[in-house]
Structures are given as structure tokens and as C-alpha cells.
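Work through the exercises below with the sequence and the model open. Each task is followed by a solution in steps.

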Amino acid sequence: MIRIRPMTPADWPKVEAIFAAGIAAGEATFETATPTWEQFDAGRIRDARLVAVDDAGTVIGWAAASPVSRRAVYRGVIEHSVYIDPDHHGEGLGRRLLDAFIDAAEEAGYWTIQASIFPENTVSLRLHERAGFRVVGRRERIARSQRGPHAGRWRDTILVERRSVRNGVDTA
């Protein structure tokens with residue numbers, strides 16, 4: 001049975017390995033290397049850092065977010081990531097983890113969750129759409145990939161967001 005719980009520093013080795021697999025695949029991020037735990041910890045909000053663990057207690061997925069700005073007016077806006085161990089792709093784990101992340105973020109008072117997703121990552125785009133995210137726009141040639149199958153190429157990203165009705169955002 002899969003459990004979803006708050007991420008702890010002890011989870012970092014497996015979280016980092018899953019992050020590294022996402023970087024290597026070339027369809028999840030522009031990052032070229034994983035951060036240290038200290039860098040990860042300093043850059044991610046603590047309210048909604050989650051891991052999915054299997055029956056043996058092994059981390060098989062994670063979700064975390066960063067603030068989009070230090071400005072007070074944007075205190076409720078975060079940009080998130082969800083990563084699943086490649087051995088567990090296609091098991092519905094991404095949806096469970098994303099739903100738990102949304103609940104934790106809303107409980108903590110965040111009113112907008114956003115993500116930038118490569119257009120080729122159709123699995124992630126569908127996952128986010130089913131979880132209530134909407135496409136805000138396409139950022140054309142936003143950055144050049146440094147690693148993976150797209151190294152040296154300019155890439156587009158699709159900006160998606162989910163607005164919280166629970167935290168007073170009018171979605172109309």
C-alpha cells in the first residue's frame with residue numbers, strides 16, 4: 001500500500017535519485033544537476049513537501065514547490081514539481097501525489113499553484129488537467145536545454161495553474 005507523508009531530510013537520497021532520473025530523461029526540467037539537500041531545503045516551501053512511499057518505506061515519488069516571488073502580494077503563489085520513480089510510472093501515483101499536494105498547499109493557504117511543463121510531456125499535461133489545472137499560455141523558446149535528448153535546442157513550456165476557490169480566489 002502506498003502512503004503519502006511529509007518529506008524529511010532522511011528522504012533526500014531517494015528524492016535526489018528520482019530527481020536525477022527526471023533530469024536525465026530530458027522531459028521534466030531544464031535543470032542539469034540535482035541540488036544539495038541544503039539548496040533544496042532552502043528553496044522549497046515546507047508546508048507542502050511530500051513523498052510517496054511503498055510498503056517497505058522506500059520513497060517512490062515526491063512533490064514540492066517554491067515561491068514564485070518574495071513580494072508579499074505573491075505570498076500565495078507557488079510553482080510545484082511532481083516526480084515519480086521511473087519504475088513506478090503508469091501506476092496512478094502521480095495523481096495521488098498531486099492531489100495530496102494540492103490539499104496540503106490549500107491547507108497552508110496558497111491560492112495559486114503553477115507549473116511549467118514541456119509540451120512533449122503529454123502525460124504531465126493530462127495529469128494536471130485532470131487535477132483541475134488550466135493552461136494559461138505557452139512560453140515560446142523560453143530557455144535552451146543543456147542536457148538530454150534536446151541538448152542545445154530552444155524549448156517551449158506550457159504554463160498551467162490551479163486557482164483555489166477554498167482560499168478565496170474567484171475563478172470566474
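**Salt bridges and a buried serine**

The structure holds eleven salt bridges (a side-chain nitrogen of Lys or Arg within 4 Å of a carboxyl oxygen of Asp or Glu). The model is predicted: local features need pLDDT of at least 70, side-chain atom pairs count only at pLDDT 80 or more, and totals for chains, interfaces and linings use all residues. Residues are numbered from 1 along each chain as its sequence is written, and side-chain values use heavy atoms, with hydrogens and water left out.

**Exercise 1.** Find which residues are joined into one network by salt bridges that share partners.

*Solution.*
1. Start with glutamate 27 and arginine 155, whose side chains meet in a salt bridge (3.0 Å, N to O). Glutamate 27 is in the loop between α1 and α2 (37–43) and arginine 155 in strand β7, 128 residues apart.
2. Arginine 155 also forms a salt bridge with glutamate 120, with the closest N and O atoms 3.0 Å apart. Glutamate 120 lies in the loop between β5 and α4, so this pair ties together parts 35 residues apart in sequence.
3. The network therefore consists of Glu27, Glu120 and Arg155, joined by shared partners.

**Exercise 2.** State whether arginine 155 is buried or exposed, then do likewise for glutamate 120.

*Solution.*
1. Apply the cut-offs: buried is under 20% relative accessible area, exposed over 50%, partly exposed in between (1.4 Å probe, protein chains only).
2. Arginine 155, at 3%, is buried.
3. Glutamate 120, at 45%, is partly exposed.

How values were computed: Helices (H or I, at least four residues) and strands (E, at least two) are DSSP runs, numbered from the N terminus.
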